[in-house]
Amino acid sequence: MATEQRPFHLVVFGASGFTGQFVTEEVAREQVARDRSSPLPWAVAGRSREKLQRVLEKAALKLGRPTLPSEVGVIICDITNPASLDEMAKQATVVLNCVGPYRFYGEPVVKACVENGTSCIDICGEPEFLELMCLKYHEKAAEKGVYIIGSSGFDSIPADLGVIYTRNQMNGTLTAVESFLTVHSGPEGLCIHDGTWKSAIYGFGARSNLRKLRSASNLKPVPLIGTKLKKRWPVSYCRELNTYSIPFLGSDMSVVKRTQRYLYEVLEESPVQYAAYITVGGITSVIKLMFAGLFFLFFVRFGIGRHLLIKFPWLFSFGYFSKQGPTQKQMDGSSFTLTFFGQGYKQGLSTDKLKPNIRICTQVKGPEAGYVTTPIAMVQAAMTLLNDVSDLPKA
């Protein structure tokens with residue numbers, strides 16, 4: 001991926017959106033990183049020049065860099081205007097796409113990037129979109145020598161790299177992993193922007209599409225190594241963490257399984273079974289969650305129900321999602337711990353008939369997941385594409 005011919009190494013598309021503003025700040029930090037040997041030419045992109053300028057001014061104030069707005073390019077483009085997306089893609093080596101829900105707005109960006117030889121990174125947590133883009137654009141992207149990388153935020157870098165890290169720490173063959181996400185809040189509590197809420201609503205409303213997509217892809221099953229990982233109940237108790245948990249419904253399962261398939265089929269490594277959960281605390285939290293879940297599952301089945309869920313996120317999510325998103329204090333007080341419990345077999349032992357005889361526990365910890373960890377992960381994924389070209393997969 002040659003960068004000399006393009007005016008910008010990175011372009012943040014959707015920089016004036018809620019998550020986009022934090023990604024913009026993170027690129028600005030990376031621009032002046034101490035280990036940087038050369039300048040990082042970059043730009044912000046979106047529909048409104050005024051809004052993009054305001055985001056740059058806000059970042060300049062927050063980072064104490066008054067000259068920032070004059071150092072960053074501004075590209076005007078619109079998701080409904082393919083020609084403007086082409087123009088954006090032609091000016092970038094890597095596009096950081098922050099415009100969601102991706103099921104509605106993601107494909108035009110992927111298409112423009114592939115056709116114009118530009119790599120693209122998103123922070124999508126929608127398995128249907130991720131798997132559909134892989135099916136439709138993988139071969140075209142490979143021909144052009146560009147990378148289309150989904151889920152490069154909290155969904156799903158900590159989970160995917162956490163499983164690989166756990167495997168690398170184990171003195172033997174890792175065959176299965178369960179992960180448990182615990183979100184910690186400060187005195188101001190937790191809040192998530194309603195963009196994530198919308199993605200969940202549309203995802204649940206179109207579950208049958210994902211099943212059809214997976215059926216049509218005709219992928220051979222990855223072999224089962226060792227004992228089959230038992231599926232937990234929808235609400236289960238985790239003794240090791242002393243808390244109840246429910247399945248984590250983000251894209252982690254989809255992403256980890258795709259990685260394990262790649263490691264098995266391309267690198268001939270032993271695949272790892274995986275299941276993802278999120279901890280919910282004590283029995284009171286479980287009861288609240290069950291009521292919220294029943295409301296959600298009932299309303300999401302109907303058009304009018306989905307409309308109400310989208311219009312009143314704060315009401316139907318018991319205050320966890322809002323149109324305003326979290327305050328700075330809420331973000332400063334939040335963090336996450338992702339705990340991985342792995343099982344497998346000691347080195348030299350057969351995985352055929354014996355029960356697993358070795359266990360391992362590892363943890364990935366980080367700051368607030370949605371708007372601190374996600375921008376860091378997304379920007380570092382982009383820097384990897386720019387800096388580690390010789391180490392990237394060639395297919």
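Colleague: In which loop does serine 156 lie, and what is the form of the peptide bond from aspartate 155 to serine 156?

Modeller: In this predicted model, serine 156 lies in the loop between β6 (148–149) and α8 (157–169), and the peptide bond that joins aspartate 155 to serine 156 is cis, with omega near 15°. Another cis peptide bond runs from glycine 100 to proline 101, with omega near -5°, and proline 101 is found in the loop between β4 (92–97) and α5 (102–105).

Colleague: What is the sign of phi at serine 151, and is serine 151 buried or exposed?

Modeller: Serine 151, which is also placed in the loop between β6 and α8, has a positive phi of about 55° although it is not a glycine. Buried stands for a relative accessible area under 20%, and serine 151 has 3%, so it counts as buried. Glutamate 268, in the loop between α11 (252–265) and β11 (273–281), has a positive phi near 60°, but this residue is exposed, with a relative accessible area of 72%.

Colleague: Which residues of helix α13 are buried, and where do they fall when seen down the axis?

Modeller: In α13, residues 303–311, the buried ones are Gly305, Leu309 and Ile310; seen down the helix axis they fall within an arc of 135°, so they line one face of the helix.

Colleague: Which residues are closest to the centre of the second largest pocket?

Modeller: This pocket, with a volume of about 470 Å³, is lined by 17 residues, of which Glu178, Lys230, Arg232, Gln343 and Arg359 are the closest to its centre. By class, the lining has eight charged, six nonpolar and three polar residues.

Notes:
Residues are numbered from 1 along each chain as its sequence is written. This is a predicted model: local features need pLDDT of at least 70, side-chain atom pairs count only at pLDDT 80 or more; totals for chains, interfaces and linings use all residues. Side-chain values use heavy atoms; hydrogens and water are left out. Buried means under 20% relative accessible area, exposed over 50%, partly exposed in between (1.4 Å probe, protein chains only). Helices (H or I, at least four residues) and strands (E, at least two) are DSSP runs, numbered from the N terminus. The arc is that of the directions from the helix axis to the C-beta atoms. On a 1 Å grid over the protein atoms alone, a cavity is a set of points where a 1.4 Å probe fits but cannot get out, and a pocket is an open set with protein on both sides within 12 Å along at least five of seven lines; lining residues have an atom within 4 Å of a point. Grid points are joined across faces, edges and corners, and a volume is the space filled by probe spheres set on the points. Ala, Val, Leu, Ile, Met, Phe, Trp, Tyr, Cys and Pro count as nonpolar, Asp, Glu, Lys and Arg as charged, and the others, Gly among them, as polar.
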